[in-house]
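Take a walk through this protein chain, from its inside to its openings. Keep the sequence and the 3D view side by side as you read.

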Amino acid sequence: MCWKILLLFALVTLRCEGRSSGQLCFPKDFTWGVATASYQIEGAWNTSGKGESIWDRYTHSHPEQVFDHSSGDVADDSYHQFRADISMLRELGVLFYRFSISWPRILPEGFSNDVNEDGLRYYSELINELHANSIQPLVTMYHWDLPQTLQDLGGWTNPIVADYFVDYARVLFTNFGPKVKAWITFNEPLSFCRSGYGGNDAPGGHSSGLEAYMCAHNVLRAHGMTYRMFEAEFKNKTGGNVGITLDMAWLEPATTSEDDQKSAEVARQFMFGWYAHPIYSKTGDYPPIMRRRIDEISRRQHFPRSRLPTFTEEEVKMIRGSSDFLGLNHYTTYLVAKGKGKVAVQPSFDNDMGVIISQKPEWPKSNSTWLRVVPWGFRKILNWVKKTYDNPLVVITENGISSEPGLQDSKRVNYIDAYLRSLHAAVTQDGCNIIGYTHWSLMDNFEWMRGYSERFGLYEVDYTSPQRTRTPRVSAAYYAKIVKTGCIPSQKYSLVFKY
Ligand code: NOJ
């Protein structure tokens, strides 16, 4: 048994049992968790005072957009079954649970003048139960379920929504601050701005060359404002840390040509630097290459000003350095080649970035079209982050794979094994400052536009049973073993488990 102090959650005791020589072991204070998100698991979409979110509206009005025409109306029913979730967390032995709070469950109309007591009670009970089981909450404040009322005002394209987010954050810090020591403001803004305002996700916008930039701009402002508000009003009273979670696939040059090498770096700046540069670089602004390209293309498209908005000097100061840790979600790798260089009539993020993205057909597949198994990409992105942003404190806030149906999920076991080997090398050989790993996901859940057709869970969920019965997959026992020992099992793991 060893006891350690953990940076993120302050004083926490850690177990490190059953280490043996010859295994690949993580540092003793490295921490392990699992993740979920409100809309994907909670259900109870319109009960106990909850307001409508953009995902409620979108799945109800456009069921045809979801692969199996489903919604998160009931999902895993975690609103009623959260004690079952906690039993699973105990079985896994994880030190922390990353879950998200549904904004419209707390503030049904989006605004802080009307606080839903049932919503507060639900999350209080969840947090109390976690503590009673020595599991730390790692709380995401926004995992895509914006109140519909705020969408009716333009959603993240309207600068005022940043102010309303700060009001919402204040309600969370006031009510849960004493018991939550690690907060994530936003989950994957690249995904929800690009796919929500320029793709097929809720709210269903189709303007990646304009609205997606406005969304990103206001999300970064909201993040900075929230961080500074926390510093000024709560940090001394409650303690705790505030970070942001960014999705970072690795972007590998398609060939060794100089053009492809350059294009890969342009793509990294567009996709990661878009959010990380304002927070982590010394300039506190968008990456220079984004500025140059979007300014220039906007001019050639006869826009009166750049489609990429500009931060005021005050905003730059506010956003620069506004993160105690970087949450990093990583799943897969893409290849990047130089684009054709043509300026499109219709403005778009992809045209601004100007590259061609693909994957190698021989890379092993998951059950999701976009996710191929490329473990070496994990080590590369972690090293890129280390080099580009001066080795920031990183928590892996998501990593995982969709697998074949059923309990014998060898795909997931192999994925965890291979990706953790890469992570281990980044931590122990490359000196990347990474303090924890979170597996996505604790259990199967509503996988956005893919509905329930893609399963990411360590636990299988039976969607035909009223209780949404959860059953451990083989990977759950495998992950529990890693969590318990802090080491990757060295022997070829037997796929026969007893529960
Ligand atoms: C990232 C998102 O944060 C999560 O909501 C989603 O389910 C996983 N990726 C898997 O696609």
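The largest nonpolar core holds 148 residues. Trp156 and Leu423 touch the most other members of that core. This is a predicted model, so treat every value below as computed from it. Find Leu423 in the view. Leaving out residues up to four places away in sequence, Leu423 touches Phe26, Phe30, Phe378, Leu382, Ile396, Ile434 and Tyr437. A second core lies separate from the big one. That second core has eleven residues, including Leu8, Leu393, Val395 and Ile435.

Now turn to the strands. Strand 5 spans residues 182–187 and is mostly covered. Six of its six residues are buried. Strand 5 has a partner in strand 4, residues 136–142. The two run parallel and are joined by four bridges. One place to look is Leu138, whose bridge partner in strand 5 is Ala182. Strand 5 also pairs with strand 6, residues 241–247. That pairing is parallel too, over four bridges. Here Ile184 stands opposite Gly243 of strand 6. In a regular strand, the side chains alternate between the two faces of the sheet.

Other strands pair further along the chain. Strand 7 covers residues 250–253, and strand 9 covers residues 333–338. They pair in the parallel sense, again with four bridges. Glu252 has Leu335 of strand 9 as its bridge partner. Strand 9 is also joined to strand 10, residues 355–358. This time the strands run antiparallel, and four bridges join them. Look for Ala337, which stands opposite Ile356 in strand 10.

Next, the cysteines. How many disulfides does a search of the whole structure find? The search finds two. One joins Cys25 to Cys487, with the sulfurs 2.0 Å apart. This pair links distant parts of the chain, 462 residues apart. Cys25 sits in strand 1 (residues 24–25), and Cys487 sits in strand 15 (residues 487–488). The angle about the S-S bond is 95°, and the link of Cys25 and Cys487 is right-handed. Cys487 has a relative accessible area of 1%, so Cys487 counts as buried.

The other disulfide joins Cys193 to Cys215, also with an S to S distance of 2.0 Å. Cys193 belongs to helix 8 (residues 189–198), and Cys215 belongs to helix 9 (residues 211–233). The two cysteines are 22 residues apart. With -65° about the S-S bond, the link of Cys193 and Cys215 is left-handed. Both Cys193 and Cys215 are buried.

Why does Cys432 have no bond to the closest cysteine sulfur? That sulfur belongs to Cys25 and is 19 Å from the sulfur of Cys432, so the two are too far apart for a bond. Cys432 is buried as well, because its relative accessible area is 6%.

Move on to Ser38. Ser38 lies in helix 1, residues 38–41. Is Ser38 buried or exposed? Buried is defined as under 20% relative accessible area, and Ser38 has 2%, so Ser38 is buried. Look past its neighbours within four places in sequence. Ser38 is then in contact with Ser100, Ile101, Ser102, Tyr123 and Asp145.

Helix 1 returns when you look at the enclosed spaces. There are four cavities of 30 Å³ or more. The largest cavity contains about 70 Å³ of space. Its lining has 14 residues. Ile41, Tyr97, Phe99, Tyr122 and Leu126 lie nearest its centre. The elements that give two or more residues to this lining are helix 1, helix 3 (78–92), strand 3 (96–100) and helix 5 (117–132).

Finish at the largest pocket. Its volume is about 1,200 Å³. The lining counts 40 residues. Closest to the centre of the pocket are Ser191, Ser195, Asp247, Tyr334 and Trp370. Which element gives the most to the lining of the largest pocket? Helix 8 does, with five residues. Helix 11 (258–280), helix 14 (349–353) and strand 10 each supply at least two residues of the lining. You have met helix 8 before: it also holds Cys193.

Technical notes
Residues numbered from 1 in each chain as written. Predicted model: local features only at pLDDT ≥ 70, side-chain atom pairs only at ≥ 80, totals over all residues. Heavy atoms only, no water. Buried < 20%, exposed > 50% of the residue type's maximum accessible area, 1.4 Å probe, protein only. Pairing = 2+ DSSP bridges. Contact = heavy atoms within 4.5 Å. Core = buried A, V, L, I, M, F, W, Y, C linked by side-chain atoms within 4.5 Å. Disulfide = S-S within 2.5 Å. 1 Å grid on protein atoms, 1.4 Å probe; cavity = no way out; pocket = protein on both sides within 12 Å on 5 of 7 lines; lining within 4 Å. Points joined across faces, edges and corners; volume = space filled by probe spheres on them.
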